[in-house]
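Biologist: Before we use any terms for this protein, I would like to go through them one at a time and ask what justifies each of them.

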Amino acid sequence: MKVFLTGATGYVGEAVAGLLVAQGHTVVGLTRDPRSSRASALEDAGVRVVAGDVGDAASYRARLAAAEVVIHTVADGRRPVKGDERLFDELLALRAAGRAPHLVYTTGCSVYGAHSHPLLDESTPTDPDHPRARLEARLATSGLAHTIVRPAFVFGGDGRSSLLGRWLDEARDGVAVFYGDAAKVWSWVHVDDLARGYAAVVEHLAELDGEAFLLADDAPVAAREAYEACQRAFGRTGPVTHAPISEEAPVYQVFDRDEVVDSSRARRLLGWTPQAVTVAELIAAVPGRAATHPQL
Ligand SMILES: NC(=O)c1ccc[n+]([C@@H]2O[C@H](COP(=O)([O-])OP(=O)(O)OC[C@H]3O[C@@H](n4cnc5c(N)ncnc54)[C@H](OP(=O)(O)O)[C@@H]3O)[C@@H](O)[C@H]2O)c1
């Protein structure tokens with residue numbers, strides 16, 4: 001399959017690129033900086049790296065037209081909505097010409113907003129005011145062939161864009177502050193299992209249109225327990241300060257609640273089964289001595 005992958009140098013994109021190339025797909029990966037070391041590593045792994053910005057459709061128009069599937073994993077903190085809208089517009093123009101590829105669009109549990117659902121699945125209503133939920137809704141009525149992937153909290157690999165990685169960095173650096181609801185429980189997905197989820201979507205593409213898949217393993221963990229395990233991994237046995245959510249830690253404002261996910265739909269329709277270690281298993285294996293990070 002000819003795959004155009006945005007965010008290919010990212011935490012998630014890199015794992016997806018590696019797996020799809022290993023499975024024999026042709027992967028063209030978008031990056032704003034094709035001279036970066038991550039871009040070079042992708043080239044070495046067999047990905048054709050191309051320069052472009054998702055907000056500048058001219059920089060990747062030809063790549064979309066040549067692709068059978070577009071996997072969008074860009075995380076653009078500066079312009080989280082505009083780039084996605086630009087991509088949708090471009091795909092709609094291709095659809096009008098009768099040749100739009102299938103879009104695999106990445107969002108996350110944030111689309112549920114400030115909910116109080118004990119268990120999230122694909123039938124749980126999303127927050128109509130959330131920007132990414134609005135983008136999902138736009139896709140639903142666009143006529144574009146698409147599939148939505150909503151990962152739980154991602155961990156594993158080098159952990160660079162994961163909260164677990166951030167917590168290990170904090171423990172290494174002697175920071176011990178846990179923010180917000182001390183009882184909240186989160187679902188997690190290993191980055192390699194997440195990559196397998198995207199690959200399963202690509203494999204089942206002909207049967208999919210307009211589906212959403214929440215991807216998480218079966219082992220939700222109390223966030224504070226995971227935080228404390230990260231501390232222990234670096235031999236930090238002192239107390240962890242409990243702080244209210246503050247503007248210094250905006251990421252916790254978004255997720256200061258239980259985020260527990262049921263992925264049975266992905267298991268049923270995609271045959272997806274998480275295979276990697278779980279956060280719970282990592283925590284159980286944490287030694288009470290100095291660890292090396294990434295991700296233990
Ligand atoms: N990490 C998690 O725990 C998690 C959980 C749930 C959902 N998600 C979602 O998964 C997706 C991927 O996240 P991630 O953790 O892999 O993020 P990431 O590590 O920050 O990677 C995102 C990539 O997006 C690219 N990018 C940013 N702005 C761009 C632009 N304007 N044009 C083109 N490329 C651009 C960057 O590549 P260049 O700098 O090379 O251009 C970067 O490597 C996001 O949608 C995120 O919200 C992540």
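Biologist: Leaving aside its neighbours within four places in sequence, which residues is Asp 209 in contact with, and what makes that a contact?

Modeller: This is a predicted model, and in it the partners of Asp 209 are Leu 144, Ala 145 and His 146. The word contact asks for heavy atoms within 4.5 Å, so each of these three residues meets that cut-off with Asp 209. Asp 209 itself sits in the loop between α7 and β11. Its C-alpha is 9.4 Å in space from that of Ile 148, although 61 residues separate Asp 209 and Ile 148 in sequence.

Biologist: How do you know that strand β1 pairs with strand β4?

Modeller: Two strands count as paired if at least two bridges are found between them. Four bridges join β1 (residues 2-6) to β4 (residues 69-72), so the condition is met, and the two strands run parallel. Within this pairing, Leu 5 stands opposite Ile 71 in β4.

Biologist: What is the order of the strands in the open sheet, and why are β3 and β11 called edge strands?

Modeller: The open sheet has seven strands in the order β3-β2-β1-β4-β5-β6-β11, with parallel pairing. The edge strands are β3 (48-51) and β11 (211-215), and each of them pairs on one side only. From one strand to the next, the twist averages 20 degrees. Helix α4 (residues 82-96) lies across β4 and β5 (102-106), and α4 runs at about 170 degrees to β5. Angles are taken between N-to-C directions on a scale from 0 to 180 degrees, so a value of about 170 degrees means that α4 and β5 point in nearly opposite directions.

Biologist: Where does the largest pocket lie with respect to the two domains, and how do you know that?

Modeller: The chain is divided into domain 1 (2-154 + 188-215) and domain 2 (157-187 + 218-261 + 275-285). Both domains give residues to the lining of the largest pocket, so this pocket lies between them. The C-alpha centres of domain 1 and domain 2 are 26 Å apart, and 22 residues of domain 1 are in contact with 23 residues of domain 2.

Biologist: What makes a residue part of the lining of the largest pocket, and which residues lie nearest its centre?

Modeller: A lining residue has an atom within 4 Å of a point of the pocket. For the largest pocket 43 residues form the lining, and Thr 73, Val 74, Ala 75, Arg 132 and Ser 161 lie nearest the centre. The space in this pocket is about 1,300 Å³. By class, the lining consists of 19 nonpolar, 15 polar and nine charged residues. The largest share, three residues, comes from α1.

Biologist: What is the volume of the second largest pocket, and which helix gives the most to its lining?

Modeller: The second largest pocket has a volume of about 160 Å³, and α7 gives the most to its lining, with four residues. The lining has 13 residues, and among those nearest the centre are Gln 23, Arg 196 and Glu 203. Five of the lining residues are nonpolar, six are polar and two are charged.

Technical notes. Residues numbered from 1 in each chain as written. Predicted model: local features only at pLDDT ≥ 70, side-chain atom pairs only at ≥ 80, totals over all residues. Heavy atoms only, no water. 1 Å grid on protein atoms, 1.4 Å probe; cavity = no way out; pocket = protein on both sides within 12 Å on 5 of 7 lines; lining within 4 Å. Points joined across faces, edges and corners; volume = space filled by probe spheres on them. Nonpolar A, V, L, I, M, F, W, Y, C, P; charged D, E, K, R; others polar. Domains from an automatic or database assignment.
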